[in-house]
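Hello,

Here is the structure I promised to pass on to you. Please have it open while you read, and my notes follow below.

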Amino acid sequence: MTRTLIYNIPGNGNIKALLFDHTIKTYDFLNSEHYNHIKYLKNINQLGRLRYVYPGAHHNRYEYVYLQWAFITELVKQKDNFGLGTQRNFYGKINSCSKYPTTGELLQCLVLLTNIGYSEATFAGNRAWLHSIKNNNELRRTFKQGLPKEAYGILEEIIESFDFYRFQHLITLFLLQRYRRRDDGEVDFLTNLLIGYIKKEDDSIHKIKLWDLFNNIRKISFLTLDSLYSPVPFSLRLSSIILSFDEYYKDMILKKTGYTQALIELESVLQ
């Protein structure tokens, strides 16, 4: 089962993305009237509080999510698509899905999971929350009790290193535990997937490739949208990327190519 979405990315026109079975179930679950995460993502400015530094910076978090879905869609279409159509039983499945998720579905679900935990202030909000939890023992204890036990060590590690760039993942895990009373197996599947990503589980070569692939897709999407606001002017043209996918997608995605090394340098400029 697939669902076609069309969204206008400012300056680039209508972009099409296909959602697959597990992604559709996850999308509908998180976007139900009880949670409204898709609507919330559309109201979060991608740059968070940096919009006060760059007046007019207006693209939202959903556009960042959507662009990743679009890139994954293009990858799935390729003949040699890194096994994106292969089923994976690493993290279970949603009960109402007849088959285990493919690599492409895991990637699409991971896109949502790594974004729904942001507050409107994005990383500034993460810093504030992490500072409060680190310095308030009661708040720290309450928050920890709301996490799955597998995430206790992750919480302590993030607090110790004050890694606010990953704190939104813990917020997502905390929220998912609140959603169990209405789920159809979504919570266990999504929790297992997100914890696997946070820990960068490397007990399978397919998992290692999954994380590498996801991080490169995230990086291309982030740079495409945010490069307009770089202090050093440069930009990636979305239309050129999508139109040249058939010929250059391996260079864009595989590690240690000139293209991916350039992305690393460009990301350091934006950071």
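Y91 and W211 are both buried. Their ring centres are 6.5 Å apart and the planes meet at 40°, so this pair is classed as tilted. Y91 belongs to the loop between α3 and α4 (103-113), while W211 is part of helix α10 (residues 205-226), so the two rings tie together parts of the chain that are 120 residues apart in sequence. Please keep in mind throughout that this is a predicted model.

That pair has company, as the count of aromatic pairs comes to 19. One of them joins Y62 and W69, with 6.2 Å from centre to centre and 80° between the planes, which makes the pair edge-to-face. Y62 and W69 are buried as well. There is also an aromatic cluster made up of Y7, Y27, Y62, Y66 and W69.

Some of these names come back in the nonpolar core. The largest such core has 70 residues, and the members that touch the most others are Y62, Y66, W69 and L170. Which helix gives the most to this core? Helix α3 (residues 61-77) does, with ten residues. As for L170, once its neighbours within four places in sequence are set aside, its contacts are F143, L147, I154, L155 and I158.

Two rings have a charged partner. The charged end of K200 is placed over the ring of Y197, at 3.8 Å from the ring centre. R178 lies over the face of F174, and here the distance to the ring centre is 4.6 Å.

Next, a polar residue that you may like to look at. Q177 is found in helix α8 (residues 167-178). Is Q177 buried or exposed? Its relative accessibility is 13%, and because the limit for buried is under 20%, Q177 counts as buried. The side chain of Q177 makes a polar contact of 3.3 Å with the side chain of T191. T191 also appears among the residues that Q177 contacts beyond its neighbours within four places in sequence, together with G146, L147, P148 and V187. L147 is thus a name to note twice, as it is in contact with L170 and with Q177.

Since you work at the bench, you may wonder about the cysteines. How many disulfides are there? The count comes to zero. Why is C97 not bonded to C109? The closest cysteine sulfur to that of C97 is the one in C109, and at 8.4 Å it is too far away for a bond, because a disulfide needs the two sulfur atoms within 2.5 Å. Seen from the other side, C109 is in no disulfide either, and its nearest cysteine sulfur is that of C97. C97 counts as buried at 1% relative accessibility, and C109 is buried with a relative accessible area of 0%.

Finally, the chain as a whole. It has 271 residues, of which 52% count as buried. There are 13 helices and two strands. If you take the contacts with a separation of 6 or more, 66% of them are between residues 24 or more positions apart.

If you want a place to begin, you could display Y91 with W211 and then turn to Q177 with T191, whose side chains are joined by that polar contact.

Best wishes

Technical notes. Residues numbered from 1 in each chain as written. Heavy atoms only, no water. Core = buried A, V, L, I, M, F, W, Y, C linked by side-chain atoms within 4.5 Å. Buried < 20%, exposed > 50% of the residue type's maximum accessible area, 1.4 Å probe, protein only. Helix = DSSP H or I, 4+ residues; strand = E, 2+ residues; numbered from the N terminus. Contact = heavy atoms within 4.5 Å. Phe/Tyr/Trp six-rings, centres within 6.5 Å; stacked < 30°, edge-to-face > 60°. Lys NZ or Arg CZ within 6 Å of the ring centre and 35° of its normal. Polar contact = N/O pair within 3.5 Å; in protein donor to acceptor, adjacent residues only side chain to side chain.
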